[in-house]
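Thanks for coming. I have one structure to go through today, so please look at the screen.

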Amino acid sequence: MGDDFAVIAVVALGVVMALELAAGTTLVIRDTIRRRGQWGINLRPVRCPECGEPAPVVRRPRNRRQALWGGCTCEVCGTEYDKWGEPVPGAGGRDAEPGAAADSGV
Ligand SMILES: [Zn+2]
C-alpha cells in the first residue's frame, strides 16, 4: 500500500510539472511570435525607441523589472524600453512627467 501511494504521488508530481512546463513553453512561444509581452525571447538587436541608440551588448539591469523580464535603459537619453524595443510606460524618459502621479488624488 505504501509503495502504491509513493508511485501515485510521484506520477501526480510529474504530471503537474509537465503541465507547468507546457504552460510556460506556450507563453514563451506565443510572445516570441507576436513580438511583445514578458515571456517571449527576442534574438534580434533592439534600439532605443527615442534616439535609435543600439542596446548595449552586455545588459546591465537597472531595476527589478529589467532583471526579471529584460529590456534596458538608454545610455544616451535615459528612455527605458523592453526587450522588444518598445518604451516602457511610466518608467521615465521623455514622455514621463515626474511628480504628476504623486500630486494627483492626495
Ligand atoms: Zn535613447
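Start with Cys-72, which touches Ala-55, Pro-56, Arg-59 and Gln-66, leaving out residues up to four places away in sequence. This is a predicted model, so please keep that in mind throughout. Cys-72 sits in strand S1, residues 72-73. To one of those partners, Pro-56, the C-alpha distance is 8.3 Å, with the two positions 16 residues apart in sequence numbering. Is Cys-72 buried or exposed? Neither in full: Cys-72 counts as partly exposed, because 19 other C-beta atoms lie within 10 Å, and buried would take 20 or more.

Go back one residue, to Gly-71. Gly-71 belongs to the loop between H2 and S1. Gly-71 has 26 other C-beta atoms within 10 Å and is therefore buried. Setting aside neighbours within four places in sequence, the contacts of Gly-71 are Gln-66, Glu-80, Tyr-81, Asp-82, Lys-83 and Val-88. Gln-66 you have already heard, as a contact of Cys-72. There is also a pair to look at across the chain: Gly-71 and Val-46 are 25 residues apart along the chain, and their C-alpha atoms are separated by 9.2 Å.

Next, Cys-48. Where is Cys-48 found? In the loop between H1 and H2. Cys-48 is buried, because 22 other C-beta atoms lie within 10 Å. What does Cys-48 touch, not counting residues up to four places away in sequence? The list is Glu-53, Cys-74, Val-76, Cys-77, Thr-79 and Tyr-81. Two cysteines are in that list, Cys-74 and Cys-77; I am reporting contacts there and nothing further. Tyr-81 is also one of the contacts of Gly-71. From Cys-48 to Thr-73 the C-alpha to C-alpha distance is 8.3 Å, across 25 residues of sequence.

Gly-52 is found in that loop between H1 and H2 as well. Gly-52 counts as exposed, because the number of C-beta neighbours inside 10 Å is 11. Gly-52 and Gly-85 are 33 residues apart in sequence, and 9.7 Å apart in space, C-alpha to C-alpha.

Now to the helix ahead of that loop. H1 has 33 residues, and from its first C-alpha to its last it reaches 48 Å, close to the 48 Å expected at 1.5 Å a residue. How many of the residues of H1 are buried? The count is 0, and H1 is hardly covered.

Arg-35 follows H1. Arg-35 is placed in the loop between helix H1, residues 2-34, and helix H2, residues 64-69. Its phi is near 60 degrees, which is a positive value in a residue other than glycine. Arg-35 is partly exposed, because there are 13 C-beta neighbours inside 10 Å.

Stepping back to the chain. The secondary structure comes to 3 helices and 2 strands, and from the N terminus the elements run α-α-β-β-α. Of the 106 residues, 11% count as buried; Gly-71 and Cys-48 are among the buried residues. Among contacts with a separation of 6 or more, 35% are accounted for by residues 24 or more positions apart.

Last, confidence. The mean pLDDT of the protein chain is 86, with 84% of residues at 70 or more. Where is confidence highest, and where is it lowest? It is highest in H1, at 96, and lowest in helix H3, residues 100-103, at a mean of 46. Over residues 93-106 pLDDT stays under 50, and the model has 9 contacts there beyond four places in sequence.

That is the end of what I have. Questions are welcome.

How values were computed. Residues numbered from 1 in each chain as written. Predicted model: local features only at pLDDT ≥ 70, side-chain atom pairs only at ≥ 80, totals over all residues. Helix = DSSP H or I, 4+ residues; strand = E, 2+ residues; numbered from the N terminus. Buried ≥ 20, exposed ≤ 12 C-beta atoms within 10 Å, placed from the backbone. Contact = placed C-beta atoms within 7 Å. Expected span 1.5 Å × (residues − 1). pLDDT = per-residue confidence, 0-100.
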